[in-house]
Structure formats: C-alpha cells, structure tokens
Amino acid sequence: MEEKISRAIIQRYFEKLQENLSVDVVIVGAGPSGMVAAYDLAKAGKSVALFERKLAPGGGVWGGGMLFNEVVVQEDTITILDDFGVGYLSAGDGLYTVDSVELAAGLTFGACRAGASLFNSVSVEDIVFKEGRIGGVVINWTPVTRLEMHVDPLVVMSKVVLDGTGHPSEIAELATRKAGVRIETETGAIMGEKPMWVESGEISTVENTRQIYPGLYASGMAANNVSGGFRMGPIFGGMLKSGRKVAGLILEELIN
Ligand code: 48H
C-alpha cells in the first residue's frame with residue numbers, strides 16, 4: 001500500500017507535467033484575475049498551465065481588507081461569482097461582500113474543474129524570448145528559488161503568456177529588463193502603480209488589461225503596474241473583470 005500511494009502520485013504528477021510542457025496559454029500567478037482567465041480559457045477548450053509561487057492559490061484574496069476576511073465587489077461582477085458558484089451579500093449602493101476564503105477557494109476550484117492545470121509552489125523565474133516574441137516561461141520550485149540554490153530550471157512553451165503576478169508585474173519586468181524590449185505603454189517601460197483612488201483604479205485595471213508585447217498579456221494589478229493605474233484596495237470587481245477581458249483577448253488571438 002505504501003508503495004502504491006507514492007507510485008500513483010509520482011505517475012500522475014509527471015503525466016500532468018508532460019502534458020503541460022507545451023500549451024496554448026501559460027498563466028503566471030493564481031490570483032483572482034489569473035484564475036478567472038484560466039477558467040474562461042479552459043472552458044473554451046484551450047490548454048492552460050497556471051503557475052503559482054505560493055503553496056496556496058488565491059493571491060491577495062485570502063486576507064480580505066487588513067486581514068478581515070471579507071472583500072467587496074460591484075453589481076456588474078456578480079455574474080462572474082455566479083459562474084464559480086461563490087456566494088455574496090448585498091452591502092447597499094450596488095456593493096456586495098464576499099467571504100474572501102470562499103472566493104479564493106471557489107476561484108481555485110472553478111479554474112481546476114474547468115480544466116486548467118494548476119502547479120503550486122512553482123515560481124516563474126524567467127521567460128523564453130525568441131524571434132521577437134515571448135514564447136514560454138522558465139520554472140523552478142519555489143523552495144529552490146527561495147533558498148537561492150544553484151539549480152537549473154525547466155521550460156514550458158506556450159503560444160501566449162499572461163502576466164497575472166499582481167503588484168510587481170514580474171513577467172513584464174523580465175521582458176523589459178532582460179529582453180530589453182519596449183512594451184505597449186506610453187513610455188515603452190513599466191510606468192509603476194499610483195496611490196489609492198478606488199473608482200479610477202477599478203476602471204483603469206480593466207482598460208489596461210491587454211497585450212503588452214507579442215506573446216505577452218497583462219491582467220489585474222500587473223496590468224495596473226505596467227500602465228501606471230491607481231490602486232483600489234480590497235475591492236475585487238476590477239480583478240475579476242480583468243481576467244474575463246484578457247481571456248477574451250487571448251481567445252481572439254488564438255482563433256485568428
Ligand atoms: C509564480 C507568481 C510569480 C512568479 C507572483 O496579486 P494577485 O492576487 O493578482 P491579481 O492581480 O489577480 O489581484 C490583485 C489583488 O489581489 C490585489 O492585490 C489588489 C486588489 N490590491 C489592491 C491594493 O490596493 O493593494 O496574485 C498574484 C499571484 C500571487 O499568488 C503570487 O504568489 C503569484 O501571482 N506570483 N507565481 N511565479 N514569478 N509572481
């Protein structure tokens with residue numbers, strides 16, 4: 001029995017990893033925007049590999065506002081919550097509260113059930129940059145990167161990479177710093193997140209969700225950091241809408 005358990009895990013994990021060595025879409029970061037995008041893309045029949053640095057997917061959702069484990073969403077994102085079967089309560093003025101633990105767990109479950117392959121505790125440490133296009137990601141175990149062990153990584157190829165890494169926009173940062181490319185912003189560089197302005201940040205997050213370089217898209221707070229939008233605190237409608245928007249844009253590219 002002891003041997004069977006270990007064998008089953010090893011066999012299935014390596015099958016899963018092999019199936020994901022070349023995919024339609026790599027999503028870096030299992031935050032809310034990345035997981036909505038993963039859900040929509042997988043539902044549309046695309047192969048999706050989702051890499052999350054931490055043990056638990058969910059990004060900034062879990063902690064709610066200042067560790068009070070509730071977040072707020074607006075009326076026009078309720079349909080996305082319904083897709084995932086996540087509950088909500090009216091807070092008046094078109095705002096709703098959502099239990100942040102239920103939201104993080106619900107988004108994770110939804111993305112996985114839709115068919116996305118989620119690899120947790122895996123960090124994306126570099127990009128594949130070939131013939132003027134981002135063509136995949138370079139991965140390693142998070143403990144390896146945290147301990148700064150000198151261990152060479154593995155590579156996953158994809159038609160498209162989505163930067164869903166949140167505030168630091170790590171993939172856009174790698175593209176500009178290491179590949180030296182100009183990205184789709186006013187300056188050609190990462191413009192940097194601005195301070196708090198909820199209404200503006202919510203709108204600009206969705207507006208700034210787009211392709212920023214051939215093969216590379218940005219969503220959520222990464223899109224905001226790339227294009228210099230305001231932050232918005234623990235309101236998550238913009239993140240959910242950003243995930244839905246970027247999935248639509250990627251599908252358009254993959255179909256054409
Ligand atoms: C693998 C990585 C890597 C890497 C990072 O920050 P997130 O929750 O992402 P979003 O943009 O979907 O949501 C943002 C939201 O949570 C937020 O921060 C808000 C609304 N802030 C407002 C405010 O005012 O502060 O998740 C990103 C995920 C995290 O889980 C990271 O661990 C992961 O990406 N990640 N995974 N390889 N190189 N970098």
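Start by selecting the shell around the ligand in this predicted model and colour it by residue class: you should get ten nonpolar, twelve polar and five charged residues. That makes a shell of 27 residues, and the ones that come nearest to the ligand are Ser-33, Glu-52, Gly-60, Arg-231 and Gly-233. Label those five before you go on.

Next, show the side chain of Glu-52 as sticks. One of its N or O atoms is 2.7 Å from an oxygen atom of the ligand. Now hop over to His-167 and do the same: an N or O atom in its side chain is 3.1 Å from a ligand oxygen atom.

For Val-124, switch on the backbone instead. A backbone N or O atom of Val-124 lies 2.9 Å from a nitrogen atom of the ligand.

How much of the ligand does the protein cover? On its own the ligand has 800 Å² of accessible area, and the protein covers 93% of it.

Time to switch to cartoon view. Pick out α2 (32-43), β2 (48-52), β7 (122-130) and α8 (220-227), the elements that give two or more residues to the shell around the ligand. Which of them gives the most? That's β7, with three residues.

Now turn on a surface and look for the largest pocket, where the ligand sits. A probe the size of a water molecule, rolled over the atoms, shows where empty space is left. In the largest pocket, that space comes to about 700 Å³.

Select the lining of this pocket next, which has 34 residues. Zoom in on Gly-59, Gly-60, Thr-165, Gly-166 and His-167, the lining residues that lie nearest the pocket's centre. You've already met two of these names: Gly-60 as one of the residues nearest the ligand, and His-167 from its side-chain contact with a ligand oxygen.

Colour the lining by class too, and you'll find 13 nonpolar, 16 polar and five charged residues. For a last stop, go back to the cartoon: α2, β2, β7 and α8 each supply at least two residues of the pocket lining.

Note on methods:
Residues numbered from 1 in each chain as written. Predicted model: local features only at pLDDT ≥ 70, side-chain atom pairs only at ≥ 80, totals over all residues. Heavy atoms only, no water. Near = heavy atom within 4 Å. Polar contact = N/O pair within 3.5 Å; in protein donor to acceptor, adjacent residues only side chain to side chain. Areas by Shrake-Rupley, 256 points an atom, 1.4 Å probe, with all protein chains shown as cover. 1 Å grid on protein atoms, 1.4 Å probe; cavity = no way out; pocket = protein on both sides within 12 Å on 5 of 7 lines; lining within 4 Å. Sits in = over half its atoms within 2 Å of the grid points. Helix = DSSP H or I, 4+ residues; strand = E, 2+ residues; numbered from the N terminus. Nonpolar A, V, L, I, M, F, W, Y, C, P; charged D, E, K, R; others polar. Points joined across faces, edges and corners; volume = space filled by probe spheres on them.
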